[in-house]
Structure formats: C-alpha cells, structure tokens
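Below is a short report on a protein–DNA model. Please look over the sequence and the coordinates before reading on.

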Number of protein chains: 2
Amino acid sequence: MPDTTPEELVAVAEVGPVQEVLQAIADPVRLEMVRRLAAAPDLTVRCSALYDDIGKSTASHHFKVLRESGLTERLSIEGQPHQRLRLSAVGERYPGLLDTVIQALDD
Amino acid sequence: MPDTTPEELVAVAEVGPVQEVLQAIADPVRLEMVRRLAAAPDLTVRCSALYDDIGKSTASHHFKVLRESGLTERLSIEGQPHQRLRLSAVGERYPGLLDTVIQALDD
DNA sequence: TCACAGGTTCGATGATCATCGAACTCGTGC
DNA sequence: GCACGAGTTCGATGATCATCGAACCTGTGA
C-alpha cells in the first residue's frame with residue numbers, strides 16, 4: 001500500500017441510510033455499546049470495554065455492523081485498537097437522532 | 001362493556017422504551033407504513049392504504065408492533081378502522097427522533 | 001524468534017421474527 | 001336474518017441474524 005495515505009482519508013466514511021442506522025442501534029447489545037461510547041471521553045473506548053457476557057467473536061460481529069452503518073470507526077491508540085463514536089458525522093446527516101436516543105438511555 | 005368509556009381513555013397509550021421504538025421502525029415494511037402515515041393529512045390513513053405486496057395477516061402483524069410500541073393508534077372513522085401516527089406523543093418523549101427519520105426518508 | 005494478548009474471520013447452530021393461509025370477529029347493508 | 005368487506009388471531013413455515021468455537025492475523029515485549 002502507498003505510504004501517501006493521509007490520515008483523514010481513513011476516517012472519512014459514509015453514514016449509511018436511515019434504515020441501516022436504525023437496524024444497527026435496534027439491537028440491545030449494540031445499543032449498549034453506543035451508550036458506553038457516548039459516555040466516554042473523546043467518544044473513544046477500548047474494544048474490550050464495550051461488552052461483557054458475550055464472546056469475542058460475537059462482539060467483533062457487532063463492531064462490524066456498527067462500523068458498516070457509519071456509526072463508529074476503528075482507530076489505533078498506542079497500537080491498541082479502539083472504537084470511536086462518530087457523533088458529529090451522524091448528527092450532520094440525521095440531526096438529533098443519536099442525541100435523542102442516547103439521552104433516552106440514561107433517563 | 002360499559003358505555004361510559006370516554007374517547008380520550010382509549011387514545012391514551014404509553015410510548016414504549018427507545019429500544020422498542022427503534023425495533024419497530026427498523027423494519028422496512030413498518031418504516032414505509034410510518035412514512036405514508038406521516039405524509040397523510042391528520043396523520044391518519046385507512047389500513048389497506050399502508051401496504052402492498054404483502055398479505056393481510058402480515059400487515060396486521062406489523063400494525064400490532066407499531067401500536068404496541070406506541071407509535072400508532074387505532075381509531076374508527078365512519079365504522080372503518082384507521083391507523084394514526086402519534087407524532088406529538090412520540091415527539092414529547094423522544095424529541096426529534098421521528099421527525100429526523102421521516103425527514104431522511106424523502107431525501 | 002517466539003510467545004502472548006486482543007480482534008477478526010469463518011462455518012455452523014439456534015433463536016427470533018416476518019410471512020402466509022385459514023378460521024374468526026366486527027360493521028354495514030341488503 | 002344473511003352475506004360481504006376489512007382486520008385480527010392463530011399455527012406453522014422460512015429467512016434472517018445473533019451466538020459460539022476454532023483458526024487466523026497483528027501488534028507488543030520478552
């Protein structure tokens with residue numbers, strides 16, 4: 001791969017259609033992941049801190065669904081993989097959606 | 001049944017938890033139903049006008065899911081059953097959620 | 001170089017849910 | 001009363017998807 005890839009290009013990803021976004025957060029496990037991400041500083045959390053009581057492979061599957069819908073992105077901090085909630089990107093495309101959902105979670 | 005039931009009591013129904021609401025609108029068929037309801041005058045539409053290409057029983061199942069989540073309510077107009085989108089009730093509990101989703105549907 | 005920890009991918013299994021047809025209910029009108 | 005149209009309920013079937021274990025990849029640090 002070329003070493004000319006700027007960091008920004010990696011981060012740029014499309015937020016999927018509403019349908020896809022809704023299905024992504026309609027799952028209890030994934031919704032909990034989003035909740036923890038939203039509560040974290042910088043919206044960033046180590047993968048293993050996003051779940052409990054499920055297997056690694058299951059968690060990884062949910063990460064993928066969240067990422068493909070554009071809700072989260074993968075990034076590396078000191079070599080460790082992390083997940084980051086793309087709050088502003090989602091907010092631009094669907095204003096108020098995520099905020100309202102997150103707000104409703106810690107009622 | 002007693003004839004003392006005021007009309008208001010029938011209409012009063014709780015909007016379900018976010019989880020339930022999200023799952024309700026995450027389905028393609030139900031999302032289309034919501035879209036048609038939102039576009040209709042008075043947010044009210046005859047049941048048969050909310051779908052095509054699926055059986056009556058399937059449609060009725062989706063009506064039930066929407067109703068139980070608090071998104072819609074059943075009402076009778078000249079003897080004919082109708083569905084009504086409870087836009088304001090949902091908006092009170094989850095501000096901006098439905099509006100944003102509906103807005104995104106007719107992009 | 002090797003071992004190890006943390007995520008990912010791959011198939012297979014199981015549960016959940018959308019779909020359907022048939023029987024039932026409720027209103028309307030003949 | 002009966003027939004009819006429109007929704008609902010009920011079981012059964014099928015597809016979708018969450019879950020898991022095992023193998024694989026990719027860093028880090030002996």
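The sections below cover conventions, symmetry, the two DNA strands, and two buried sites.

## Model and conventions

This is a predicted model: local features need pLDDT of at least 70, side-chain atom pairs count only at pLDDT 80 or more, and totals for chains, interfaces and linings use all residues. Residues are numbered from 1 along each chain as its sequence is written, chains are lettered from A and ligands numbered from 1 in the order in which they are written, and side-chain values use heavy atoms, with hydrogens and water left out.

## Symmetry of the two protein chains

Chain B falls on chain A with an RMSD of 0.0 Å after a turn of 180° and a shift of 0.0 Å along the axis. The superposition is a least-squares fit on the C-alpha atoms of residues with pLDDT of at least 70 in both copies. This relation is that of a two-fold axis. In chain B, the C-alpha of B:Leu97 is nearest the axis, at 2.6 Å. Both copies use the same surface: 100% of the contact residues of chain B recur in chain A. Contact here means heavy atoms within 4.5 Å.

## DNA strand C

Strand C is surrounded by 18 residues. A residue counts as near a strand if one of its heavy atoms lies within 4 Å of it. The closest are A:Lys56, A:Arg74, B:Ser57, B:His61 and B:His62. Of the atoms of strand C within 4 Å of the protein, 56% belong to sugar or phosphate, and the rest to bases.

Which element gives the largest share of the surface near strand C? Helix 4 of chain A does, with 5 residues. Helices and strands are DSSP runs, numbered from the N terminus (helices H or I, at least four residues; strands E, at least two). Helix 4 (56-68) of chain A, and helix 3 (28-39) and helix 4 (56-68) of chain B, each supply at least two residues. Phosphate oxygens of strand C lie 3.1 Å from a side-chain N or O atom of A:Ser60, 3.2 Å from a polar side-chain atom of B:Thr58, and 2.8 Å from one of B:His61.

## DNA strand D

Strand D also has 18 residues around it, and A:Ser57, A:His61, A:His62, B:Lys56 and B:Arg74 come nearest. Sugar and phosphate make up 59% of the strand D atoms that come within 4 Å of the protein.

A base is involved here: a base oxygen of strand D is 3.0 Å from a side-chain N or O atom of A:Ser57. A:Arg30 places a polar side-chain atom 3.1 Å from a phosphate oxygen of strand D. B:Arg67 places one 3.1 Å from a phosphate oxygen of strand D. Two or more residues of this surface come from each of helix 3 (28-39) and helix 4 of chain A and helix 4 of chain B. Helix 4 of chain B gives the largest share, 5 residues.

## Buried sites

A:His82 is found in strand 3 (residues 80-85) of chain A. At 11% relative accessibility, A:His82 counts as buried. Buried means under 20% relative accessible area, exposed over 50%, and partly exposed in between (1.4 Å probe, protein chains only). Leaving out residues up to four places away in sequence, A:His82 touches residues including A:Cys47, A:Glu73 and A:Arg74.

In helix 6 (residues 97-105) of chain B, the buried residues include B:Leu97, B:Leu98, B:Val101 and B:Ile102. Their cover includes helix 2 (18-25) and helix 6 (97-105) of chain A. From chain B, the cover includes helix 2 (18-25), helix 3, strand 3 (80-85) and helix 5 (87-93).

Key:
A polar contact is a pair of N or O atoms within 3.5 Å; within protein, one must be able to donate a hydrogen and the other to accept it, and residues adjacent in sequence count only if both atoms are side-chain atoms.
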